Amino acid sequence: MPVTRPRSYAAIDLGTNNCRLLIARPQNGELVVIDAFSRIVRLGEGLHGSGKISEAAMDRTVAALSICADKLRRRHVSLSRAVATEACRRATNGEELADRVRRETGIVLDIISAAEEARLAVLGCHNLMEPGEGPALIFDIGGGSTELMHVDVSDHDVQIHDWISVPWGVVSLTEHAPLPEDSLAGRQAAYAHMREVTRTAFAAFADRAEQFAGQKLRLLGTSGTVTTLASVFLDLPRYDRRAVDGLVVPADAMRDISRRLADASIADRAEIACIGRERADLVVAGCAILESIIDLWPAARVGVADRGIREGILRTLAMQGRDIPVTRREYRK
């Protein structure tokens, strides 16, 4: 008799900084990850100034997606979706990259809207929201944009009441306001400028959020920024998803870490185990964005999710394939 292979699904998230893949298979009502891949490709490097994706960034991206394509074949993936976000939305040659990726790897890149990006991020991580009745905000600090979503979470379902996307992420903000290396005063001034840029960008949403003043707010972040800062909070010798995904960190601790990193030189930041050289130049911009979010949504704690767009895609694909998963982990008490 022929062997029936279990259905498997794949999600690719091509962001402004990272290319990430997850492959999962339904098992006992859950989606179990059977393969994963992540590589920093810096797709948006130089985009803020040129408006175009560079040839070098295209080469790095195609190389990473070629690895993804090989994994899709070897894992016999039956349903997949690959999305590209802010860098491809903003670049004048985003479609050119998508054409090259299709020719050279066979992967069809879907350049999604900011609204779709927000929806997938919320779908992928909302189950980690701290329980309660207070207003809830999910945020996603990316490489080229940041999304804020005021949501209502109940019984494994989620509804977005209000949202905003601004064109500032860790790459775009770093390129707009680079940190000088020669003086602490210079770094502090650059960080203050980053904070002002993001505060201005969030102003309209902040005005709408004033209606919740005095209420017990809930806050959950999905991004490399919050997972990195959570790792620093835990003083991990190396990144450990099991320790970070679902963690809740006091907002004041997130602020303290952010300001300490902003004051540090790039060499000192690179020495911190879970930052390293790959993130040392970008993490400060993420800290500035995070502080501005805490300003407008002053929750006592920040939930941390090492999940988001890819998990949102996988859940959607599983529903299409009639394998509706129960989420692997919920809010950690």
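In the predicted model, helix α11, formed by residues 251–263, lies across strands β10 and β11. The helix runs at about 75° to β10, and β11 covers residues 301–305.

Both of these strands belong to an open sheet of 6 strands, in which the order is β8-β7-β6-β9-β11-β10 and the pairing is mixed. The edges of this sheet are taken by β8 (157–166) and β10 (248–250); each has a single partner strand, so one side of each is left without a neighbour in the sheet. On average, and with direction ignored, neighbouring strands of this sheet are turned by 25° against each other. Within the sheet, β6 pairs with β7 (residues 146–154) in the antiparallel sense, and 6 bridges connect the two. One position in this pairing is A136, whose bridge partner in β7 is V151.

A further open sheet contains 5 strands in the order β3-β2-β1-β4-β5, again with mixed pairing. Here the edge positions are held by β3 (30–40) and β5 (109–111), and since each has a single partner strand, one side of each is left without a neighbour in the sheet. Neighbouring strands of this sheet are turned by 20° against each other on average, direction ignored. Helix α2, spanning residues 55–74, packs on the sheet and touches β1, β2 (18–27), β3, β4 and β5. The direction of α2 makes about 155° with that of β3. Strands β1 (residues 9–14) and β4 (residues 79–84) run parallel and are joined by 6 bridges. Along this pair, Y9 is placed opposite L79 in β4.

The largest pocket of the model has a volume of about 980 Å³. Its lining comprises 45 residues, of which N18, R20, S223, G224 and T227 are the closest to the pocket centre. At least three lining residues are drawn from domain 1 (9–112), and at least three from domain 2 (128–308). Several secondary-structure elements supply at least two residues each to the lining, namely β2, β3, β6 (136–141), α9 (224–234) and α15 (309–320). The largest contribution to this lining is that of β3, with 6 residues. Strand β3 is thus described twice, as an edge strand of the sheet of 5 strands and as the element that gives the most to the lining of the largest pocket. When the lining residues are sorted by class, 18 are polar, 14 are nonpolar and 13 are charged.

Note on methods: Residues are numbered from 1 along each chain as its sequence is written. This is a predicted model: local features need pLDDT of at least 70, side-chain atom pairs count only at pLDDT 80 or more; totals for chains, interfaces and linings use all residues. Side-chain values use heavy atoms; hydrogens and water are left out. Two strands pair if DSSP finds at least two bridges between them. Helices (H or I, at least four residues) and strands (E, at least two) are DSSP runs, numbered from the N terminus. Axes are lines fitted to C-alpha atoms, for helices over the stretch in contact, and angles run from 0 to 180 degrees between N-to-C directions. Contact means heavy atoms within 4.5 Å. On a 1 Å grid over the protein atoms alone, a cavity is a set of points where a 1.4 Å probe fits but cannot get out, and a pocket is an open set with protein on both sides within 12 Å along at least five of seven lines; lining residues have an atom within 4 Å of a point. Grid points are joined across faces, edges and corners, and a volume is the space filled by probe spheres set on the points. Ala, Val, Leu, Ile, Met, Phe, Trp, Tyr, Cys and Pro count as nonpolar, Asp, Glu, Lys and Arg as charged, and the others, Gly among them, as polar. Domain bounds come from an automatic or database domain assignment.
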